[in-house]
Amino acid sequence: MPHPSDQEVVPAADQPEQATADQAAAGPATGGASTSPHGSAPALRPLEFLRWAWRQLTSMRTALILLFLLAIAAIPGSLIPQDRVDPSAVLLFEQRHPAIAPLFRHIGMFNVYSSTWFSAIYLLLFVSLLGCIIPRLRVYLRSARARPPKAPRNLARLSAYDTWTTDAGVDEEVERARTLLRGQRRRVEVYPSDGGTVVSAEKGYLREAGNLVFHVAVLVVLVGFAVTGLFGFKGSVAVIAGQGFSDTLTQYDDFTPGARFNPDGLTPFSFTVRHFHVTYDTSGAGIGTPLTFDAALSVTDHPGAAPYPYDLQVNHPLQIGGTSVFLVGHGYAPVITVRDGDGHVAYSGPVIFLPQDGSFTSFGVIKAPDAQPAQLGFEGYFFPTARLGPGATPYSAFPAADNPVLSLVGYHGDLGLDSGLPQSVYVLDKSHLTPFKAAAGRPRALLLREGQTVELANGMGSVRFDGLKTWVKLQINDQPGKVIPLVGVLAAIAGLLCSLFIRPRRTWVRVRGEGRRTVVEVAALDRASGGDPGAHVRQVAEALRPAEPKEPQ
Amino acid sequence: MTETYAHLSNNAVYSATIVFTLAMIAHVAEWALARQLTAPLAGPLQRALVPARTAGSGVVDGAVTGTSAADAAGSGDAHAAAARDGDDLERSDRFGRIGFGLTVLGFLVLAVGVVFRGIAAQRVPWGNMYEFSITGCLAVCAAYIVMVRKYDTRWLGLLVTGFLVIVLGIAVIVLYRPLTPLVPALHSYWLMIHVSSAAVAGGAYTVGALASVLYLLRRRLERKAVEHPDLPRTGFLWRTPPAEAIDRVAYRVHAFAFPLWTFAVMCGAIWAQYAWGRFWGWDPKEVWAFITWVAYAAYLHARATAGWQGRSAAYVALLGYATFLFNFVGINLFGSGLHSYAGM
Ligand code: HEM
């Protein structure tokens, strides 16, 4: 038996005028060849095709298939690294699988959720959803004031059915049935029916309303995310403690605007990171687990405003207007001074080192392009709590800076900064650089503690580890319209609850005289799965049946 | 003090595992004793268990009084068989009741284990996979007990206790981790709501999946009986409600779990907004939560799609459960991404 809602899904017959207009618009693409001087008859074919295609697209079965496709299409993005989630993992993947990576790149495997095929699936679902909601909305509005329907001719055919005879009069039984069903907050209508009277009752109109609200809300959530993405932006910046940031495009390390984002809309706030403090668990199984992060900011809402302090923590973003500032990461920035062969300072200041593991072994690069006689570059690791491992390789035993040590390898030559190609500050281009070697011919690792200086070979200069600072990684977003998806989700849940827990049910009680006896029949039909109409019929029968049944069932 | 609570918690979790094992053995006995029993006769099969039980004890009374030699001699084989049947039925039922009693006991002991773990850690008890497993088992057990009270679903006992024993066993032997503090990103009310609603939804999904499995088994049995009407209808599976009624229970559990899951995913998104500055970032954990959501939406759709009701819909539900499990096990073990530190 087809499910009742299966029929409701089929769109109500299209208005002929409207359909003709559709067809006219699509004519050249689909049916240009079949145009005949008389028009109408052959032109019906593309129209019919369109109608058929539309009906297919908006059918329950298609929705089901599209839902499956959506679930399957989402899988690769969780197994293959994604550009937007972890770009460095993508780079690593591309290096490890050079054969397959270009193909993956081509079909959008590194960007699944904005790829053409993923978008195609959810757009089709979107259209299918619209096409299924609109006709149902119309049907629903029409039926909202409907009266309970007349009874089917043969109630005994329904699976939930009971009957008995009684001595009470027909009118009396009708009245009792009506009172009972009314009392259960059902819509009730009394109809004459062949040879008797039927009390028809219906309940659960809110189910369809809930279902429609749910499906519309799914659309609202999608639209909300789209709006947020179009008009908002997302950026991030690493700020060294003691330094400041002001909200202009040039200050961001990376900045992703939405397609409709207007850069003039940036809030003109600024702040200084006064200091940053982390505490770690120092004992037990969780040793090294961070316990608290606090970044003490001094914030100025707009130029000229009085600065105020703000304690920025994970889970406690700073809000300025529509913009939010989140604390998403941190690390160490050793302060380093590089002097060249002439004794001039070629570089001096804190250098951001990027953490590589939970103990904050960090990697960083120092470039001194102004050094004479040759440019100098360094790369290496910072160990906040340095220990010597096997083979005298240092490692970090704890994330706090209890025994900070720098291990750098120095290079001289050409840093490649003049080539015109943009260079990352975190990468040293070694193609024209020569390492300073140890006696054994291997690159020499310079080990430095705070305050120590190491001279470079051949009087090329020196490097000094002056002190230690921390830096914080801040994410800064503006998501205008973010309440839309929130409202959408809440409406969806409310609708879903109605749609799942309200069970529309039709109940009929037919009463007719038969000789001097009165025959009562009760039947019920559920319009949604999951209910138990049989139990309902039993309960109605129990209430209506005379206390002592005259004949055992 | 912390040490004491942690120690008590561990002991409670061990004890609960043992109690559930005993409950499972009782349910095995329940099934085994029903092996020779013929199915209750036709009628409103869906309430078969209840009337069958009362009828059964009537027969047992007869059997008890009828042990006298005269009676036994007077009745034929049929009588003796009926008496044996009644005896087995009574014993099977008794083991079922014992199994359920033990399950309730196990629930209480496990609740102590979970609560003490939380007190010892001074935080919610779901900071790693071990803790999520024991909390999840508590939710599964709670869902089952509520359903037995509401829908008389004790026929799920063997499957549920079997599940609990396996998962708690893995939790205790493989996943156990000593107490560790929560990283700051996990200090959030939204996260608390997120994980607790996900755990309850997960408990309901688990019971729903077990009910779907039982539905498929029972359905196959009924099909076979239609094809071969003269095969004996013996065994415990014949004493469960008809397939249609099991399907209805499975639907109700899923219908409870799905909105809760939707809510849990939403709270997760709000938490992610506070912690990481975005609602949704397609992190592997988020991807699989989404896949689970879509799969269960497909289940609800399948139930309303001609040609998909019944068996196919049950398979879709099991598929949804597989994605839920994969999110918990697969992604926590192999995954990367922001959520991974919440794993092992
Ligand atoms: C795209 C076309 C869609 C169609 C034609 C469609 C149609 C329907 C219909 C007719 C029902 C009622 C089933 C019943 O009476 O039990 C339903 C229920 C439902 N739909 Fe959709 N739907 C579509 C898309 C979606 C989407 C995108 C979602 C979101 C994941 C969704 C989620 C649900 C849920 C959860 C239910 C269950 C409510 C219930 O069982 O009553 N649907 N859908």
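Ala, Val, Leu, Ile, Met, Phe, Trp, Tyr, Cys and Pro count as nonpolar here, Asp, Glu, Lys and Arg as charged, and the others, Gly among them, as polar. Sorted that way, the shell around the ligand comes out as 16 nonpolar, eight polar and two charged residues. The model behind these values is a predicted one.

The ligand site is a good place to start. In total, 26 residues surround the ligand, and the closest are Ser128(A), Cys132(A), Arg207(A), His215(A) and His301(B). Because the surrounding residues come from chains A and B, the site is shared between chains. Looking at who supplies the shell, chain A brings in helix H1 (4-9), helix H4 (60-74), helix H8 (116-143), helix H10 (206-231) and helix H11 (483-501), each with at least two residues. On the chain B side, helix H8 (243-276) and helix H9 (284-302) also supply at least two residues each. The top contributor is H8(A), which gives five residues to the shell.

Then there are the polar pairings with the ligand. Arg207(A) places a polar side-chain atom 2.7 Å from an oxygen atom of the ligand. For His215(A), an N or O atom of the side chain sits 2.7 Å from a nitrogen atom of the ligand. Ser499(A) also takes part, with a side-chain N or O atom 3.1 Å from an oxygen atom of the ligand.

Next comes the interface between the two chains. The size of an interface is often given as the accessible area lost when the parts come together. For chain A and chain B, the buried area is about 4600 Å², and carbon and sulfur atoms give 69% of that. In residue terms, 53 residues of chain A are in contact with 54 residues of chain B. The rule finds one salt bridge across this interface. That salt bridge joins the side chains of Arg248(B) and Asp532(A), at 3.8 Å from N to O. Polar contact across the interface amounts to two residue pairs, both at pLDDT 80 or more.

On the side of chain A that touches chain B, the elements giving two or more residues are H1, H4, H10 and H11, plus strand S8 (290-300), strand S11 (323-340) and strand S22 (461-478). H4(A) has the largest share of that side, at nine residues. By class, the side of chain A that touches chain B holds 31 nonpolar, 15 polar and seven charged residues. H1, H4, H10 and H11 of chain A turn up in the list for the ligand shell and again in the list for the interface.

One residue that reaches across to chain A is Gln273(B), found in helix H8 of chain B. Setting aside residues up to four places away in sequence, Gln273(B) touches Phe326(A), Gln479(A) and Lys482(A), along with Arg278(B) and Phe279(B) in its own chain. Gln273(B) counts as buried because its relative accessibility is 7%, and the cut-off for buried is under 20%.

As for chain B as a whole, there are eleven helices and zero strands. Buried residues make up 55% of its 344 residues. Among contacts in chain B with a separation of 6 or more, 82% are between residues 24 or more positions apart.

Two residues of chain B give a local view. Phe324(B) has its place in helix H10 (residues 311-328) of chain B, and at 13% relative accessibility it counts as buried. Not counting residues up to four places away in sequence, Phe324(B) touches Gly202(B), Tyr205(B), Trp261(B) and Thr292(B). Phe324(B) and Thr206(B) are 118 residues apart in sequence, yet their C-alpha atoms are 9.4 Å apart in space. Thr153(B), in turn, is in the loop between helix H5 (129-151) and helix H6 (157-175) of chain B. Thr153(B) is buried too, at 0% relative accessibility. Leaving aside neighbours within four places in sequence, Thr153(B) is in contact with Tyr144(B), Met147(B), Val148(B) and Val249(B).

Back in chain A, Gly380(A) lies in strand S15 (residues 375-383) and is buried, with a relative accessible area of 6%. Apart from neighbours within four places in sequence, Gly380(A) is in contact with Phe353(A), Ser362(A), Phe363(A), Gly364(A), Ser407(A) and Leu408(A). Gly380(A) and Trp117(A) are 263 residues apart in sequence and 43 Å apart in space, C-alpha to C-alpha.

Key: Residues are numbered from 1 along each chain as its sequence is written. Chains are lettered from A and ligands numbered from 1 in the order in which they are written. This is a predicted model: local features need pLDDT of at least 70, side-chain atom pairs count only at pLDDT 80 or more; totals for chains, interfaces and linings use all residues. Side-chain values use heavy atoms; hydrogens and water are left out. A residue is near a molecule or strand if one of its heavy atoms lies within 4 Å of it. A polar contact is a pair of N or O atoms within 3.5 Å; within protein, one must be able to donate a hydrogen and the other to accept it, and residues adjacent in sequence count only if both atoms are side-chain atoms. Helices (H or I, at least four residues) and strands (E, at least two) are DSSP runs, numbered from the N terminus. Contact means heavy atoms within 4.5 Å. Buried area is the accessible area (1.4 Å probe) that two parts lose on being put together, summed over both. A salt bridge is a side-chain nitrogen of Lys or Arg within 4 Å of a carboxyl oxygen of Asp or Glu. Buried means under 20% relative accessible area, exposed over 50%, partly exposed in between (1.4 Å probe, protein chains only).
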